[in-house]
Amino acid sequence: MQRYRRKPLDNPREPLMTRRLKALAIGLLSVLMLAACGPIDSLKDGMAHSAAVSADLEKSLGLKSFVGFNWNNGALTNVNVTFQGLPDGVPLATIAEKSKEAVVAEFKQTPKQIVIAFAIEP
């Protein structure tokens, strides 16, 4: 009858504390990677909403725009809408109204503030 031996360690000279620290580091890294999935998904969703707002504003006002946003703890805090130039014959109140409607419709939240800007070439 043959006796079974314990499997030797990869490196028997490596102290027990070092092996425990490596296991702890791997565990923490795994937890961090899983926790990062939520913010990455939020960023992807935000970029999709941003593109949709820009397309909606271009269709309704006839100007291309860049839409930026800022989330804080899951709440939409700030949306920046920057238009490429000034629209001809469209009042500022209409631009503000259309921008707010598009942002609220696409982001499904009302931000704390919406900043509307116009980029003008010199």
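The following exchange takes up a predicted model and asks how its descriptive terms are earned.

Reader: What kind of model is this, and how are its residues numbered?

Author: The model is predicted, so local features need pLDDT of at least 70 and side-chain atom pairs count only at pLDDT 80 or more, while totals for chains, interfaces and linings use all residues. Residues are numbered from 1 along each chain as its sequence is written, and side-chain values use heavy atoms, with hydrogens and water left out.

Reader: What makes up the secondary structure of the chain?

Author: The chain has three helices and three strands, which from the N terminus on run α-α-β-β-α-β. Helices here are DSSP runs of H or I with at least four residues, and strands are runs of E with at least two, numbered from the N terminus.

Reader: How do you know that the span of H3 is close to the expected one?

Author: The expected span of a helix is 1.5 Å times one less than its number of residues. Helix H3, residues 92-107, has 16 residues and reaches 22 Å from its first C-alpha to its last, close to the 22 Å expected.

Reader: Which residues of H3 are called buried, and why are they said to lie on the same side?

Author: Buried means under 20% relative accessible area, exposed means over 50%, and partly exposed lies in between, with a 1.4 Å probe and protein chains only. In H3, the residues Ile95, Ser99, Ala102, Val103 and Phe107 are buried. They cover an arc of only 100° around the axis, the arc being that of the directions from the helix axis to the C-beta atoms, and therefore they lie on the same side of H3. On the other side of H3, Ala93 and Glu97 are exposed. An α-helix has 3.6 residues a turn, so residues three or four places apart point the same way.

Reader: Why is Ser99 called buried, and what is Ser99 in contact with?

Author: Ser99, in helix H3, has a relative accessible area of 0%, and because this is under the cut-off, Ser99 counts as buried. Contact means heavy atoms within 4.5 Å, and, leaving aside neighbours within four places in sequence, Ser99 is in contact with Leu57, Val81, Phe83 and Ile116.

Reader: Why are Val104 and Glu106, also in H3, called partly exposed?

Author: Val104 has 29% relative accessibility and Glu106 has a relative accessible area of 26%, so both values fall between the limits for buried and exposed. Beyond four places in sequence, Val104 is in contact with Gln109 and Thr110, whereas Glu106 touches His49, Ala52 and Val53. The C-alpha atoms of Glu106 and Ala48, 58 residues apart along the chain, are separated by 9.1 Å.

Reader: What is notable about the phi of Lys108, and why is Lys108 called exposed?

Author: Lys108 has a positive phi of about 60° although it is not a glycine, and it is found in the loop between H3 and strand S3 (113-119). Its relative accessibility is 65%, and because that is over the cut-off, Lys108 counts as exposed.

Reader: What makes Phe69 and Trp71 an edge-to-face pair?

Author: Rings of Phe, Tyr and Trp (its six-membered ring) pair if their centres lie within 6.5 Å, and planes under 30 degrees apart count as stacked, over 60 as edge-to-face and the rest as tilted. By this rule the count comes to four aromatic pairs. Phe69 and Trp71 form one of them at 6.5 Å centre to centre, with 75° between the planes, so the pair is edge-to-face. Ring pairs link Phe69, Trp71 and Phe107 into a cluster.

Reader: What is meant by the largest nonpolar core, and which residues touch the most other members?

Author: A nonpolar core is a set of buried Ala, Val, Leu, Ile, Met, Phe, Trp, Tyr and Cys residues joined through side-chain atoms within 4.5 Å. Of the 13 residues in the largest one, Val53, Leu57, Val79, Val81, Phe83 and Val103 touch the most other members. The elements that give two or more residues to this core are helix H2 (37-61), strand S2 (75-84) and H3.

Reader: Why is Ser65 called buried, and where does Ser65 lie?

Author: Ser65 lies in strand S1 (residues 65-72), and its relative accessible area is 12%, so Ser65 counts as buried. Across the chain, 20% of the 122 residues count as buried.
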